[in-house]
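Visitor: Please take a close look at the backbone in the loops. Then carry on from there to the packing inside.

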Amino acid sequence: MKLYYFPPSPNTRKAHAVAIYLELPLELQLVNLQKNEQCASEFLKLNPTGRTPVLQDGDFILWESTAIMQYLASLLPNTLWPEDWRSRADIMRWQSWQLAHWYPICQPLQYENFVKPLLQLGDPDPHVIEKATEQFHKAAIPLNAHLAERKFLVNDSLTLADFSVASDLTYAIPGRFPLENYPHIRSWYARIEQLPAWEKTVPGGQ
Ligand SMILES: N[C@@H](CCC(=O)N[C@@H](CS)C(=O)NCC(=O)O)C(=O)O
C-alpha cells in the first residue's frame, strides 16, 4: 500500500499514525504542498479534490483521512476499530464531530498564529482569532467534561476517535490554543503524545 502524504499535515498524521500503530507496511510518497504538487495532473487523477492524504491499495484509491483510517483499521482485527457496532457508531460520532466542528475551529488558530508568521503571509487577523477562540471554548468545554471521567474518548481505550481528535492539537502550542482551563484535554493529549505512533509522526521528526 502507498500513502501519498505531506508530513506537516494533521490530516496526514492521523492516517499515518494509525498505519504505524497497526504495523501495516506503507510505502510513503511525498506530495509537497509547498510546491503545489497536489495540483499536478498525475496527483489529480488520484484525488480530483487536490488534497492529501491519499491511500493506494492495488487498484483501490481512497482519499479523505477518516475513510483511510477506517479502511486501514478494517484490514485486521484490532482495538482501534472494534467489531461491535455501538463502539463503531461512538467512534464515528467523534470522527464526525472532529471533521464538522473541531477541525474548522482549530484550523484558523493554527493558521493565524503559526502558519502565517512561519510562511510570512502577513499579520494574524485579530477578528479571526477572536471568533475562533470563542468557538474553541464552546467545543473544548464539552470535550474536557467528557474526558474528565475517561482516559480515552470511547470505551476508555485508545481508538480511531482519539487519533482523529488529537490530530488537530498537533500545533496547539505554536497555534496558541487556549487550553489553560482544560486539564482533562491536556492530560488526554499527553497520553496520545506518548504513543510511539504519535511520536513517529511528529511534523519534522520523520
Ligand atoms: N477532509 C480532508 C482534508 C484534507 C486536506 O485539507 N488536506 C490538506 C492538507 S492538511 C491539503 O492537502 N491541502 C491542499 C490544498 O487544499 O490545496 C481529509 O480529511 O483528508
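Guide: Glu 23 is exposed in this predicted model. Its relative accessible area is 71%, and the cut-off for exposed is over 50%, so the label follows. Glu 23 sits in the loop between H1 and strand E2 (27-30). Its phi is positive, about 55 degrees, although Glu 23 is not a glycine. That deserves a pause. Most residues other than glycine have a negative phi.

Asn 36 also has a positive phi, about 60 degrees, and it is not a glycine either. Look for Asn 36 in the loop between E2 and H2. Its relative accessibility is 47%, so Asn 36 counts as partly exposed.

Next comes a peptide bond. Thr 52 and Pro 53 are joined in cis, with omega about 5 degrees. Most peptide bonds are trans. Pro 53 belongs to the loop between helix H2 (41-46) and strand E3 (54-57).

Now place these loops in the wider chain. An unreviewed UniProt entry lists residues 1-80 as "domain: GST N-terminal". Over residues 1-80 the chain is 34% helix and 20% strand. The end C-alpha atoms of that stretch are 20 Å apart. The domain assignment gives domain 1 (2-73) and domain 2 (85-199). Taken over C-alpha atoms, the centres of domain 1 and domain 2 are separated by 21 Å. Contact between them involves 14 residues of domain 1 and 18 residues of domain 2.

From there, go inside. The largest nonpolar core has 51 residues. Phe 136 and Trp 188 have the most contacts inside it. Many elements feed this core. Those giving at least two residues each include strand E1 (2-5), helix H1 (10-21) and helix H3 (65-73). Helix H4 (85-119), helix H5 (126-148) and helix H6 (160-167) each do so too. Helix H7 (183-193) and helix H8 (196-199) complete the list. Domain 1 and domain 2 both give residues to this core, so it lies between them. A second, separate core has five residues, among them Tyr 4, Val 31, Leu 46 and Val 54.

Stay with Trp 188 for a moment. Leaving aside residues up to four places away in sequence, Trp 188 touches Leu 147, Lys 151, Phe 152 and Leu 153, among others. Its further partners include Asp 162, Val 165, Ala 166 and Leu 169.

Then turn to Tyr 189, in helix H7. Tyr 189 is at 9% relative accessibility, and the limit for buried is under 20%, so it counts as buried. With the same sequence neighbours left out, Tyr 189 touches Arg 13, Ala 166, Leu 169, Thr 170 and Trp 198. Ala 166 and Leu 169 are thus on the contact lists of both Trp 188 and Tyr 189. Phe 152 is 37 residues from Tyr 189 along the chain. The C-alpha atoms of these two are separated by 9.4 Å.

One more stop, the largest pocket. About 850 Å³ of space lies in it. Its lining counts 27 residues. Nearest the centre are Phe 6, Ser 9, Pro 10, Leu 33 and Gln 110. H1 and H4 each supply at least two lining residues. H4 gives the most, with nine. Those two helices also each supply at least two residues to the largest core.

Notes
Residues are numbered from 1 along each chain as its sequence is written. This is a predicted model: local features need pLDDT of at least 70, side-chain atom pairs count only at pLDDT 80 or more; totals for chains, interfaces and linings use all residues. Side-chain values use heavy atoms; hydrogens and water are left out. UniProt positions are given in the numbering used here, feature names are shortened, and annotations may be inferred rather than shown by experiment. Helices (H or I, at least four residues) and strands (E, at least two) are DSSP runs, numbered from the N terminus. A nonpolar core is a set of buried Ala, Val, Leu, Ile, Met, Phe, Trp, Tyr and Cys residues joined through side-chain atoms within 4.5 Å. Buried means under 20% relative accessible area, exposed over 50%, partly exposed in between (1.4 Å probe, protein chains only). Domain bounds come from an automatic or database domain assignment. Contact means heavy atoms within 4.5 Å. On a 1 Å grid over the protein atoms alone, a cavity is a set of points where a 1.4 Å probe fits but cannot get out, and a pocket is an open set with protein on both sides within 12 Å along at least five of seven lines; lining residues have an atom within 4 Å of a point. Grid points are joined across faces, edges and corners, and a volume is the space filled by probe spheres set on the points.
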